[in-house]
Amino acid sequence: MPDPLLPSTETVVKGAKTYARDLAERVLSTFLQAFVGGLVLTTPFDIGMWQAAGVAGVAAAASLVKGVVARWRDVTHSASLARGV
């Protein structure tokens with residue numbers, strides 16, 4: 001007989017997959033947005049492309065940390081800090 005207080009393993013696996021997909025999408029989109037923004041700023045501020053990529057990497061790492069904190073703060077299937085997402 002299943003324990004009524006614990007979710008089924010199917011729910012846990014689906015939740016983990018949903019969360020991982022959500023977090024990966026957010027980290028990748030943050031990197032791409034920061035990288036494109038950095039490339040736009042390379043000429044006016046005289047920074048190299050690899051420096052722009054480094055800035056994008058830092059932004060993506062911050063996005064990753066935020067997503068993990070969101071998961072610890074509220075056990076949902078989202079990497080968002082917004083309630084109900």
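**Close-up views of a predicted two-helix model**

**View A. F31, at 28% relative accessibility, counts as partly exposed.** The model shown here is predicted. The view is centred on the aromatic side chains, of which the structure holds one pair. F31 and F35 make up this pair, which is stacked, with 5.8 Å from centre to centre and 10° between the planes. A pair of aromatic rings is described by the distance of the centres and the angle of the planes. The angle of 10° lies under 30 degrees, and the pair therefore counts as stacked. Both residues belong to helix α1, and because F31 and F35 are four residues apart there, about one helical turn separates them. F35 has a relative accessible area of 21% and is likewise partly exposed.

**View B. The side chains of D22 and R26 form a salt bridge.** Side chains of opposite charge can pair when their charged atoms come close. In this structure there is one salt bridge, and its distance from N to O is 2.8 Å. D22 and R26 are both part of helix α1, where four residues, or about one turn of the helix, lie between their positions. How buried or exposed is D22? With a relative accessible area of 15%, D22 is buried, since the limit for a buried residue is under 20%. R26 is partly exposed, its relative accessible area being 25%.

**View C. The largest nonpolar core consists of five residues.** Its members are Y19, L23, V27, A60 and A79. Helix α1 contributes three residues, the largest share of this core. Across the protein, 21% of the 85 residues count as buried.

**View D. V27 and L64 meet across a long stretch of sequence: 37 residues separate them.** Their C-alpha atoms are 5.8 Å apart in space. V27, a member of the largest nonpolar core, touches A60, S63 and L64 when residues up to four places away in sequence are not counted. Which residues does L64 touch, not counting residues up to four places away in sequence? On that basis, L64 touches L23 and V27. L64 is located in helix α2, which covers residues 49-73. With a relative accessible area of 40%, L64 is partly exposed. For the protein as a whole, among contacts with a separation of 6 or more, 56% join residues that are 24 or more positions apart.

**View E. Five nonpolar residues form a patch on the surface.** V36, V40, L41, F45 and I47 make up this patch, and together they have about 470 Å² of accessible area. F45 lies in helix α1, which spans residues 9-45. Why does F45 count as exposed? Its relative accessibility is 59%, and a residue with over 50% is classed as exposed.

**View F. The overall fold provides the setting for the close-ups.** The protein has two helices and zero strands. Helix α1 comprises residues 9-45, and helix α2 comprises residues 49-73. About 6,200 Å² of the protein is exposed, and carbon and sulfur atoms supply 71% of this area. Helix α1 holds both the aromatic pair of F31 and F35 and the salt-bridge residues D22 and R26.

Note on methods
Residues numbered from 1 in each chain as written. Predicted model: local features only at pLDDT ≥ 70, side-chain atom pairs only at ≥ 80, totals over all residues. Heavy atoms only, no water. Patch = residues over 30% accessible without salt bridge, like charges linked within 9 Å, V, L, I, M, F, W, Y side chains within 5 Å. Areas by Shrake-Rupley, 256 points an atom, 1.4 Å probe, with all protein chains shown as cover. Salt bridge = Lys/Arg side-chain N within 4 Å of Asp/Glu carboxyl O. Buried < 20%, exposed > 50% of the residue type's maximum accessible area, 1.4 Å probe, protein only. Phe/Tyr/Trp six-rings, centres within 6.5 Å; stacked < 30°, edge-to-face > 60°. Core = buried A, V, L, I, M, F, W, Y, C linked by side-chain atoms within 4.5 Å. Contact = heavy atoms within 4.5 Å.
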